[in-house]
Amino acid sequence: MPGKLKAKIVAGRHLPVMDRASDLTDAFVEVKFGNTTFKTDVFPKSLNPQWNSEWFKFEVDDEDLQDEPLQITVLDHDTYSANDAIGKVYIDIDPLLSCEAATVISGWLPIYDTIHGIRGEINVLVKVDLFNDLNRFRQSSCGVKFFCTTSIPRCYRVALVHGFVEELVVNEDPEYQWIDRIRTPRASNEARQRLISLMSGELQRKIGLKVLEMGGNAVVGYLQCFDLEGESGLVVRAIGTACTLDKLSPGTAPNTTTHTNTHTLPNTAPTSNACNSPSKDSKESPLAHGCRSTHNSPVHSTCSSQRLSHSQNFSVSVPTLVFTGMGSGGSVGKEAGPLKTLLRQHTQSALEQREFPIFTLTCFPPGFLVHVGGVVSTRSVKLLDRIHNPDEPETRDAWWEEIRQEIKSHAKALGCHAVVGYSESTSICEEVCILSASGTAAMLNPRFMREGCLDTGGSDHRLSRQPHPGMVGSERGEGEVSSTWLGFEDASPPSCGFAHIPYDEFNMPFPAQLTYCYHCRRQKVPDVLFTTIDLPAEAEVTGKGCLIQARLCRTKKKAQGEVNATSISNLLPFMEYELHTQLMNKLKLRSMNALFGLRIQISVGENMLLGLASATGVYLSALPAPGGIQIAGKTPSDLSYDQHISTMQKRIDDTIAKNKELYNIHPPECIEEVVGSPIPDRQRSSRLFRSTSESSDELSELDLSHGKKDAFVLEIDDTDAVEDIQSLLTDAPIPAGFYSCNTEVMPGIHNWTSGLQMFTSVRVYRLSNANLTNQGLNKIFTDLCENLLKSLYFKLRSMIPCCLCHLNFTVAVPEEELIQVAVTAVAMSFDKETQQAADKALTRGSGENEEQLQFSMELCGESTISNNQPTAKPSGVPESAMVHSSRDRCSTWLELLRLKAHTIRRGSVKTISSSERCSPLPEGRSRSLRSTRSLPCGAPVTVVKMTPLSFLPGTRIVKYLGIINMFFIRETTSLREEGGVSGFLHSFIAEVFAMVRAHVAALGGNALVSYSMKECVFMENPNKNQAQCLINVSGDAVIFIRESDQEAIPPLLTSRQTSSTGADGTT
Amino acid sequence: MPCYWWRDHGTWCSVLPAFCQPVSDAVKVRMDEGALLECEANPEVLTSDTMDQFRTFQMCERLLHSPTKLGSQLLYQIPAQNQIILIERYYEFDSVFAREVLGKKLSKGTKKDLDDISCKTGITLKSCRRQFDNFKRVFKVVEELKGPLVENIQRHFLLSDTLARDYAAIVFFANSRFETGKRKLQYLSFQDFAFCAGQLISYWTIGAMDSMMEDMDVDLEKEFLNELKDLKVLVNDKDMMDQHKILVCAALRGKIKVYKLMEVNFKNLSRALINLASKLTHTKDVRDLFIDLVEKFIEPCRYDRWTVAEITLFLTHYTNAAHCLGTFRHQMIWDRYMGVIKSCILQMYHE
């Protein structure tokens, strides 16, 4: 069944001069959808043409509506020669296909050219009339909502979580087609942009179909990636979590009444056996299990054995490097045991039907997450080969399926049925490709996976909204609720439930040290917990968290094909191990015991591998206090050596003490033994690091003999270890007033103000061609990251106190000797005064931070640097370093300024000029005194905020308008003239942001949440003065309103049990 | 111009002229100002941050060339208030510099002389170029436009009233090419000239009388200049001149110290002002308006040590007395002429 797409071209502005003679342009527009093209009249001799065209109507299949973008080309009419293209606009129609999203696209959109960048703007109107399609064999999936957000979107409640959806489409890369040799770079770029746009449309449609088959209506945590495999093709793949979402009417308070039905849950649970996920019925998915044999990668067999997995304690496949933990004796809380087993059975049955019990969500409704096992990850090295038949991409499918299977089995080994916070990535260099996947093994509440739980009606209301960090009132309400629910499972308070081990303590998948939960004292918890998810809202944290990064460089020999792949896969385990050790050391150094949002990235280059692990460290109150770090010398005979060790030990102890103060970590109990415990076992000779333990009976009231606490031992037996310790200690401290984390919000900070600042910074570092050692490389890489962070702090100094949230690092080795680091983060300011008072009381931060007009940050926003690093540095041999940082200036100082607008304008502008001269003549001419000052030009441009977070502090999202997923290529043949690499990247990123904002505004939105820059591929040819960059950005376009605007609903009222329907609910 | 922009990071744009120096200098200045003490910065960070600022500025600069676009462009989300400040700061200029180019043709030739001006004024060459280009840009845009000059400038460049008036003066001077460079005029500041320009624009152009705003403000009204010839009767008609003198002397007797000298010089002074008026039909003489005022009127008075108050009194009564001359019929022209001349002289009469 078709739909009707209508487009109207209204006007253009700021067009470039196309006719040198007249300094004007004769512009007209081509509107193309599928194979149909319409043209407007030529609007002669104007840079601001008014076309006011008729409605161009396209009658098309809804399948095409989903796949194809609307393509608008602006051209300059030329009587004698061919018309010159000014630029193009691609409009994704998808948001118009869902009745709940946008209804019209209308506004000024930048006209983009891949060589010249933005060249003016065009005002368009686009609408879709869609006819209902009831055909059960249809190929379209209109109406399925997509969200990049990895939590349940804020104005929806989740009725059902169906599970994992994935799809992958491949095609030939136009850049590598034979025709590319004869066409212009522009044509080639445009072909690529169009193809990727088509492919993502197709991908979304196919995923939507799967969701419909499963009975869902939305995809949450939608993650789409491109693999530019070069010669072998172009892969666009996506994963997500299929859900059934119900829209909340604006009035319904999310947390009304929940206590009634919760206790019926255990009774209804067994029925879950019968209600399998619908996905089971759709076994004809292309990912049937049998594909394994079709592998044609020659290295597959070699590296599959090398593929490693690591769970929380990094153990499985590297036997020599195992952490020695204590096996634990003692008994589990007896009463909880059988229930746990019961739960496990239920969950299992609900999940086992699924091919992959995998969820891309990182943030969950309370009660969803029962236990967390630890991080599971898998990497696999593959050799790329040409994709012969794009319609049957079974090779790539099989690769990923294999990886997911492995993830699944790792999770099983941890006693978990599901994997949450799951993500996939690739790193490609020539024909070698590393596929990586990681997630967190977890046990989930089966309730959300069953059909029919909708009947419980009210009880699910609370799931609809994630506790807002700023909305403590509701958070509390939810906390209570989940506690009552969890009550049936074990008696533990809700805040620690997720930290309890899901696996059987007598049959542990890896050696770990277990203690009784410090919160409930009933269940066992591990000594450290690594996860890829956000900190659950109900979790109790002592003090604040901080960003912890492990960085690593490893050189490798240049090689080809199989040899190369083998050497890479041989290196991988060692890199993972070392990253893990670094993380562990840094965690201990900060006296913390858990990592959230862990993301380990390993990038492959021709002659090196880069590893970057980022996570947010916290002190979970439920977990035992971490032991200190002990340094042990190998040869204790030497006196000076001992002295050296003891000074080092002292430095470490000092740092730990300082960090405790800094992060405000003062656990209520067990202060008596933190650091300085003697090293009990020096003879043990594991290679470098080990943890050992020492017993103390501080849990005596529970009469347990094994309340163990380990002191982490660093044994210095070679220079490597010294280096490691040095680097551990030289990690630059964060300047006062700053906090940073890579999770959505900083654990321990609650009172956010609405001041926020999103920015993206890309730094390209050129190594000199000298032969570098691993250590030299490590140092360069570490300095690069540290300096990047430092310059961010420096730039943001006017926002203090502030927290850099969602710090997302992406590293790549685009070419030999180039390291590229891209950072996206959002700086959010918070209230200092209330912070201190509210650390416990959790009062809501209300005061807007009005003290500053922060336009320094704003204006220096899109900013780039190209600096020559001082060559005096002893170890580094840098030739040049380019920095690009670019910022979106959507931050809220707009709001702050608005009130002051008048005073500012009248005040400061007037005061510039000094002498008010009094005219001796009577004021004969009033006209020249008439002030014509007005705000620059006409209707103000809609302010669109962008944030990588799923929310904006102090605001409420009232509508999701659809997903924004844009891909741009920019190329230049005059790199130097455009300000070098930095100037080029700078303006490109600024343009990308401008286009994203314009599209959000055209959909009627005022913000883009869950923004991410998924791809930023930069290639340079300095000799030819050329460069090319590809950027892919995505996010959710939303409409938000300020919380203060809807203060009509007193927050206290809603958080109470009063069923707030209708009456006070209209906003 | 000192580089305040980093010290007070709230006002990046307040010191755009800071961008008129090499990055390395800027970094050095920032270091001297103690930027390194903030936020654990190191020289590398500082350099890169400075480069950032420069690059951002460079990208913004393109938009600042046509300020009306700044409001509708999508590349930068700059709030309206900041846009206004940004524009204002970018178009701000040093009066010392403006004084140097005042009345000169805003052409490439003058641009070549910027080195000298830079040396003379101590303003960096980059800054001189920016200011000069701003003058030229504004001039080019409003030169051919109809309607009031100040309003045109405001409409196209979104400048504040005061700044727009200053630009109007510069445009006006550049268009009429008034002589300002003579040694005798060196004591006059830009503000003096800007004031005079304001007076000329307000009262001597076509737009000044005709509020229909249909003609341009840039040129003096030809018809008016022609009519100024009629004022010659005041010196040519001996009776009228004597009577004029009697009236003025009667009014001033005992009120000014320089009465004696005034009485002696009255005819010379009067003749100087009237001749000036009658000559204004020639473009060349229009250009020499200010030098003539100084040579023919201000210098003699200064020689005789007139005070400003005395000149004010004299000119007031000199103007008013003409109304009492029964045979003088050009009152309108007279007032229009003397009003401007009087305020110009008063503005220019200082050391």
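Helices and strands here are DSSP runs, with at least four residues for a helix and at least two for a strand, numbered from the N terminus. With that in hand, let us walk through this predicted model, beginning with a proline in chain A. The peptide bond that leads from A:Ile800 into A:Pro801 is cis, and its omega is near -5°. You will find A:Pro801 in the loop between helix 12 and strand 27 (802-812) of chain A.

Helix 12 is a good guide to the next stop, a sheet in chain A. This open sheet has four strands in the order 18-20-21-19, and their pairing is mixed. Strand 18 (529-530) and strand 19 (541-555) of chain A are its edges, each pairing on one side only. If you look at strand 18 of chain A, you will see that two bridges tie it to strand 20 (residues 594-604) of chain A in the parallel sense. One residue to pick out is A:Phe530, whose bridge partner in strand 20 of chain A is A:Leu595. Now add the helices. Helix 12 (residues 774-795) of chain A packs on the sheet, where it touches strand 19 and strand 21 of chain A, and its direction makes about 140° with that of strand 19 of chain A. Helix 9 (residues 561-589) of chain A lies across strand 18, strand 19, strand 20 and strand 21 (608-620) of chain A, at about 150° to strand 19 of chain A.

Earlier in chain A there is another sheet to visit. Here four strands make an open sheet in the order 9-11-12-10, again with mixed pairing. Its edge strands, each paired on one side only, are strand 9 (145-146) and strand 10 (156-171) of chain A. Strand 11 (residues 218-228) and strand 12 (residues 234-247) of chain A run antiparallel and are joined by nine bridges. Within this pairing, A:Leu223 stands opposite A:Ile239 in strand 12 of chain A. Helix 2 (residues 185-214) of chain A lies across strand 9, strand 10, strand 11 and strand 12 of chain A, and runs at about 135° to strand 10 of chain A. Helix 6 (residues 394-413) of chain A lies across strand 10 and strand 12 of chain A, at about 140° to strand 10 of chain A.

Before leaving chain A, take a look at a backbone detail. A:Asn52 has a positive phi, near 45°, although the residue is not glycine. This asparagine sits in the loop between strand 3 (36-39) and strand 4 (56-61) of chain A. Chain B offers a similar stop: phi of B:Arg305 is near 55°, also a positive value in a residue other than glycine. B:Arg305 belongs to the loop between helix 18 (289-303) and helix 19 (308-323) of chain B.

Staying in chain B, we can follow how its helices pack. The axes of helix 2 (residues 43-64) and helix 4 of chain B come within 11 Å and cross at roughly 90°. These two helices of chain B, helix 2 and helix 4, are therefore roughly perpendicular to each other. On the side of helix 2 of chain B, the contact involves B:Phe57, B:Glu61 and B:Leu64, which meet B:Leu86, B:Ile87, B:Tyr90 and B:Tyr91 of helix 4 of chain B. By class, this contact of helix 2 with helix 4 of chain B has six nonpolar residues, no polar ones and one charged.

Further along chain B, helix 8 (residues 125-143) and helix 9 (residues 149-157) pack at an angle of about 115°, their axes 10 Å apart. Helix 8 and helix 9 of chain B are therefore roughly perpendicular to each other. Their crossing is right-handed. Helix 8 of chain B contributes B:Arg137, B:Val138, B:Val141 and B:Val142, while helix 9 of chain B contributes B:Leu149, B:Asn152, B:Ile153, B:His156 and B:Phe157. These contact residues of helix 8 and helix 9 of chain B divide into six nonpolar, two polar and one charged.

Helix 9 of chain B also meets helix 10 (residues 161-176) of chain B: the axes come within 8 Å and cross at roughly 115°. This crossing of helix 9 and helix 10 of chain B is right-handed. Among the residues that meet there are B:Leu149 and B:Ile153 of helix 9 of chain B, and B:Ala164 and B:Phe172 of helix 10 of chain B.

Methods: Residues numbered from 1 in each chain as written. Chains lettered and ligands numbered in written order. Predicted model: local features only at pLDDT ≥ 70, side-chain atom pairs only at ≥ 80, totals over all residues. Heavy atoms only, no water. Pairing = 2+ DSSP bridges. Contact = heavy atoms within 4.5 Å. Axes fitted to C-alpha atoms, helices over the stretch in contact; angles between N-to-C directions. Parallel < 35°, antiparallel > 145°, perpendicular 65-115°, else oblique. Left-handed = near helix turned anticlockwise from the far one by under 90°. Nonpolar A, V, L, I, M, F, W, Y, C, P; charged D, E, K, R; others polar.
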